[in-house]
Amino acid sequence: MRIPLLSMFIKSPFGGLLKHAEKVNECALAFQQAMECYFSKECMAFKELREKVTSLETEADDIKRSIRGNLPKGTMMCIEKFELFRYIKEQDTVPDRVEDALDWIFFKPEPGIPEELKKDLMLLIHSSINSVEEMCTMVLEAKKYFETFNEIQRNLVKEIIRSTRIKEHEADIVEARLKQRIFEIDLDPVSVFHLMRLVEIIGSIPDHVENAGDMIRAMIAK
Amino acid sequence: MSTQYYILIAGYILGFYMAWNIGANDVANAMASAVGAKAITIRQAVFIAGMLNVVGAVFIGSHVTNTIRKGIVSTEILVDPHIALIGALSALLSAALWVSFATWKSLPVSTTHSIVGAMIGFGIMAGGFSVVKWSKLAAVVLSWIISPVFSLIIAFVMFKLIVKIILSKKDPFVWSLKLSPFFIGITVFIVILSFVFKTPLGKTFAMGNLTALFLSLIIAIIFGFAGMKLLSRFIRNRKAGAEAIFKRIQIGTSCYVALAQGANDVANAIGPLAVIYFLVKTGNVGAEVPVPVFLLLFGGIGIAFGIAMAGARVMETVGKKITTLTNTRGFSVDFAAATTVLVASKMGLPVSTTHAAVGGVLGVGLARGIEAVNFRIIIKIMLYWVVTVPISAITTMIIFKILQFIL
């Protein structure tokens with residue numbers, strides 16, 4: 001404290017934000033593995049993969065908390081503090097949803113996914129994971145923008161945000177088709193309920209990514 | 001007669017100690033942005049700060065020293081040289097004690113404020129309240145409020161300007177190279193001006209104010225374009241961007257900061273010493289003779305000693321802790337702080353280099369240039385700011401009474 005300049009500089013929240021995004025991405029990839037495992041009848045690792053997702057979700061939570069806890073009153077940032085908090089909350093919903101999906105499967109693992117739905121469901125999972133990856137890049141590029149304030153960089157971030165929007169729309173189409181198919185094929189009501197809910201949970205992931213993108217858009221607005 | 005010489009020797013020791021403290025603690029504040037932005041290494045910082053603090057102290061340091069010497073306490077009324085001597089020594093001792101305490105307890109205390117407070121205490125004890133030049137003191141205190149704000153505004157404007165005309169452009173590298181003569185030139189202009197405008201050096205060359213202004217402008221333009229040539233020769237990698245250019249320019253601005261610091265802070269160490277010196281040598285404080293160069297040199301060397309002995313360790317911490325500062329930001333902070341301090345020095349106002357640097361960082365922070373800055377530091381600084389002056393004044397009074405009893 002003898003040197004006031006030292007105590008003026010607080011650890012940047014952007015480093016933590018990026019770390020959180022990477023953790024979320026890791027969590028999403030583990031989720032994909034878990035789902036692939038669940039799809040194939042031979043794979044026995046579902047339980048371990050689910051535990052992996054759960055622990056990654058907890059780690060992401062810890063990062064979120066450390067960002068929130070390390071911004072003392074009177075901190076001035078290049079974005080609003082509560083803007084940042086709302087953003088982390090949105091970004092942190094993604095691993096929550098991923099965990100929810102695996103929990104939901106865990107509650108009723110049998111009889112599994114009907115063969116005729118597997119392709120579309122995998123497609124939905126893929127597009128969800130894709131948009132999470134996109135979110136990770138978005139945070140990285142936004143961080144760079146706040147360092148340079150460069151117009152080209154800003155357009156790059158805007159481009160990524162646009163792409164999250166497009167991905168959300170594509171995922172919506174797949175989700176709608178899946179729901180239609182669930183009603184078309186002959187299933188017992190419990191299975192219909194189970195599948196419907198699962199599709200909805202997975203389908204909400206790109207929605208949250210899109211929201212996160214919109215928040216970043218507001219942050220980089222001039 | 002011998003007591004007087006003992007007091008003079010004690011004054012030299014304490015003055016050196018104060019200078020040492022400025023070098024050991026305050027220099028880190030001044031060099032922090034350059035070291036933090038990795039524009040210069042710690043070793044370079046120590047070297048630059050050491051050399052240029054001496055230069056600044058010797059060539060530009062006399063104005064502020066004169067303010068401390070005869071600006072705060074009305075010297076004509078100090079009839080008894082014995083009392084005045086004891087008073088000046090108490091002032092130096094009390095400031096040194098308070099600064100040591102602050103270093104020990106890690107408090108953000110300014111050496112400038114300590115010495116001004118001590119001088120007030122000295123004035124009150126030596127000649128009563130009427131001896132203190134309250135109007136001049138008001139100007140000094142006002143400058144403490146104005147200088148960080150001034151620095152904040154310059155840093156804010158400078159950084160916004162850099163964003164507008166360089167960073168946001170399609171090719172920031174080309175633009176920063178193209179505009180580098182402006183950034184180098186403006187820095188050189190103020191530095192040269194401070195050397196020749198109303199200084200003994202300027203008088204030696206028989207330069208009028210207009211000539212000084214003109215000369216500084218010419219030199220600044222030459223330096224600006226020469227700097228651009230050098231930059232374009234050394235930095236070939238366009239990918240490095242604007243930051244690489246400003247990294248080189250920042251080497252220059254860190255020299256600028258060190259110079260300004262020497263010019264302003266040397267008075268904190270040798271202001272009261274100058275009082276003792278004049279009393280012993282001429283029997284009166286208010287002599288119209290300027291502060292002898294060797295005293296300024298003595299103070300400058302004391303600062304350089306402090307930097308060499310303890311500065312490196314402090315700056316190492318700075319480099320590790322300040323990681324979010326880039327070169328364009330560092331340049332804005334350096335430029336704002338140094339300009340503020342140098343302008344204040346020319347006006348004979350003892351301002352705190354630390355506060356100017358803090359103001360600069362806040363300015364860039366307000367311009368949204370730094371990812372996270374703690375603004376609450378201002379409140380803490382203000383608190384110690386308000387506390388320092390009366391504490392060192394009262395300590396001076398107590399020491400005065402004790403010394404009066406002994407001597």
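Student: Why is A:Q153 called partly exposed?
Tutor: This is a predicted model, and the label comes from a count. A:Q153 has 19 C-beta neighbours inside 10 Å. Buried needs 20 or more, and exposed needs 12 or fewer. The count of 19 falls in between, so A:Q153 is partly exposed.

Student: Where does A:Q153 sit, and which residues does it contact beyond its sequence neighbours?
Tutor: A:Q153 belongs to helix α6 of chain A, residues 151-184. Setting aside neighbours within four places in sequence, its contacts are A:E141, A:K144, A:Y145 and A:T148. For A:E90, the C-alpha to C-alpha distance from A:Q153 is 23 Å, with their positions 63 residues apart in sequence.

Student: What makes B:S106 exposed?
Tutor: The same kind of count. B:S106 has 12 other C-beta atoms within 10 Å. Exposed means 12 or fewer, so B:S106 qualifies. Its place is the loop between α4 and α5 (111-127) of chain B.

Student: Why is B:K38 not called exposed as well?
Tutor: B:K38 has 17 other C-beta atoms within 10 Å. That is over 12 and under 20, so B:K38 is partly exposed. B:K38 also lies in a loop, between α1 and α2 (42-60) of chain B.

Student: What is the backbone phi at these two loop residues?
Tutor: Positive in each case, although neither is a glycine. Phi is about 60° at B:K38 and about 55° at B:S106. A glycine with a positive phi is B:G348, at about 75°, just after α12(B).

Student: How do you know that α12(B) is largely enclosed?
Tutor: Count its buried residues. In α12(B), 19 of the 20 residues are buried, so the helix is largely enclosed by the rest of the structure.

Student: How does the span of α12(B) fit what is expected of a helix?
Tutor: Helix α12(B) covers residues 327-346. From first C-alpha to last, α12(B) reaches 28 Å. The expectation at 1.5 Å a residue is 28 Å, and the span is close to that.

Student: What makes up the largest nonpolar core?
Tutor: The core has 209 residues. B:M31, B:L92 and B:M119 have the most contacts inside it. Helix α10 of chain B, residues 241-282, gives the most, with 22 residues. Beyond four places in sequence, B:L92 contacts residues including B:L14, B:M18, B:P272 and B:L273.

Student: How do you know that β1 of chain A pairs with β1(B)?
Tutor: Pairing needs at least two bridges between the strands. Strand β1 of chain A, residues 75-77, has three bridges to β1(B), so the two strands pair. They run antiparallel. A:M77 stands opposite B:A372.

Student: Which residue class leads on the side of chain B that touches chain A, and how many residues take part?
Tutor: In all, 36 residues of chain B contact 28 residues of chain A. Helix α13(B) supplies the largest share of the chain B side, six residues. That side has 20 nonpolar, eleven polar and five charged residues.

Student: What describes chain A as a whole?
Tutor: Chain A has seven helices and one strand. From the N terminus, the order is α-α-α-β-α-α-α-α. Its C-alpha trace spans about 70 × 35 × 25 Å along its principal axes. Of its 222 residues, 41% are buried. Among contacts between residues at least 6 apart in sequence, 82% join residues at least 24 apart.

Key:
Residues numbered from 1 in each chain as written. Chains lettered and ligands numbered in written order. Predicted model: local features only at pLDDT ≥ 70, side-chain atom pairs only at ≥ 80, totals over all residues. Core = buried A, V, L, I, M, F, W, Y, C linked by C-beta atoms within 7 Å. Helix = DSSP H or I, 4+ residues; strand = E, 2+ residues; numbered from the N terminus. Contact = placed C-beta atoms within 7 Å. Nonpolar A, V, L, I, M, F, W, Y, C, P; charged D, E, K, R; others polar. Expected span 1.5 Å × (residues − 1).
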